[in-house]
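Subject: A structure for you to look at

Hello,

I am passing a structure on to you, with some notes on what turned up in it. Please open it first and keep it beside you as you read.

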Amino acid sequence: MTTVAYVLSWIVSVTIIFIGMRFLLVPRAAAAAFGVAVPPDIGQADAFFAVKGIRDIASGLVPIALILASTHQAVGWFMLMITVVPLGDALIVLRNRGPKVTAYAIHGLTAVLLFIIAGLLLA
């Protein structure tokens with residue numbers, strides 16, 4: 001089960017790095033996919049998208065470092081703690097009247113997946 005958890009951890013980590021890069025390269029398309037579209041006349045929004053992009057890249061790099069240099073318990077605790085991010089993302093989407101399907105199917109399921117990975121690693 002630990003091997004499965006590590007494979008899932010790699011997949012989640014690489015995926016979040018990709019999402020972060022997307023926020024840096026095509027911020028408005030990434031925001032729409034996130035569930036919070038922004039009108040084109042709000043120029044300063046791109047700076048906040050860049051902040052999110054960097055946060056996502058770092059959120060993907062940390063578990064990779066833990067996988068390579070630490071124990072499965074450390075990776076598990078990180079995955080458990082980082083679950084707050086997709087839960088918060090889902091709330092942001094819902095609070096801003098974004099698509100409920102995005103809030104639940106993307107952000108909610110990501111939180112569930114992280115929780116499962118954490119459980120496998122900490123068991």
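Below I go from the whole chain to its cores and then to a few single residues.

Please bear in mind that this is a predicted model.

**The chain as a whole**

The chain holds 6 helices and 0 strands, so its elements read α-α-α-α-α-α from the N terminus on. Measuring tape aside, how far does the C-alpha trace of the chain span along its principal axes? The answer is about 50 × 25 × 15 Å. The radius of gyration is 15 Å, which agrees with the value near 14 Å that a compact globule of 123 residues would have.

Of the 123 residues, 37% are buried. The accessible surface of the chain is about 7,100 Å², and carbon and sulfur atoms account for 76% of that surface. As for charge, the chain carries 7 positive and 4 negative charges, and the mean positions of the two groups lie 7 Å apart.

The contacts are worth a look too. If you take those between residues at least 6 apart in sequence, 68% of them join residues at least 24 apart.

**Two nonpolar cores**

In soluble globular proteins, nonpolar side chains tend to be buried together. Here the largest nonpolar core has 13 residues, and the members that touch the most others are Val-75, Met-79, Ile-117 and Leu-121. At least two residues of this core come from each of helix H1 (2-25), helix H3 (45-69), helix H4 (72-82) and H6. Another core, of 9 residues, lies apart from it and includes Phe-23, Ala-31, Phe-49 and Ala-90.

Ile-117 is a good place to start exploring. Which residues is Ile-117 in contact with, once its neighbours within four places in sequence are left aside? They are Ala-5, Leu-8, Ser-9, Val-12 and Met-79.

**Two buried residues of helix H3**

Ser-59 sits in helix H3. Its relative accessible area is 16%, and because this is under 20%, Ser-59 counts as buried. Beyond its neighbours within four places in sequence, Ser-59 is in contact with Ile-16, Phe-78 and Ile-82.

Ile-67 belongs to helix H3 as well, and with a relative accessibility of 13% Ile-67 is also buried. Setting aside neighbours within four places in sequence, the contacts of Ile-67 are Tyr-6, Ser-9, Trp-10 and Val-75. Trp-10 is 57 residues away from Ile-67 along the chain, yet their C-alpha atoms are separated by 8.4 Å.

**Two residues with more accessible area**Thr-110 lies in helix H6 (residues 100-122). Is Thr-110 buried, exposed or partly exposed? With a relative accessible area of 30%, Thr-110 is partly exposed, because the value falls between the 20% and 50% cut-offs. Thr-110 and Ala-65 are 45 residues apart in sequence, and their C-alpha atoms are 20 Å apart in space.

Last comes Arg-97, in the loop between helix H5 (84-95) and H6. The relative accessible area of Arg-97 is 78%, so this residue is exposed. Arg-97 also has a positive phi of about 55°, although it is not a glycine.

Happy exploring, and do write back with any questions.

Best wishes

Technical notes: Residues are numbered from 1 along each chain as its sequence is written. This is a predicted model: local features need pLDDT of at least 70, side-chain atom pairs count only at pLDDT 80 or more; totals for chains, interfaces and linings use all residues. Side-chain values use heavy atoms; hydrogens and water are left out. Helices (H or I, at least four residues) and strands (E, at least two) are DSSP runs, numbered from the N terminus. The radius of gyration is taken over C-alpha atoms; the globule rule is 2.2 Å times the number of residues to the power 0.38. Buried means under 20% relative accessible area, exposed over 50%, partly exposed in between (1.4 Å probe, protein chains only). Contact means heavy atoms within 4.5 Å. Accessible areas come from the Shrake-Rupley method with a 1.4 Å probe; for residues, only the protein chains shown count as cover. Lys and Arg count as positive and Asp and Glu as negative; His and the chain ends are not counted. The place of a charge is taken as NZ of Lys, CZ of Arg, CG of Asp or CD of Glu. A nonpolar core is a set of buried Ala, Val, Leu, Ile, Met, Phe, Trp, Tyr and Cys residues joined through side-chain atoms within 4.5 Å.
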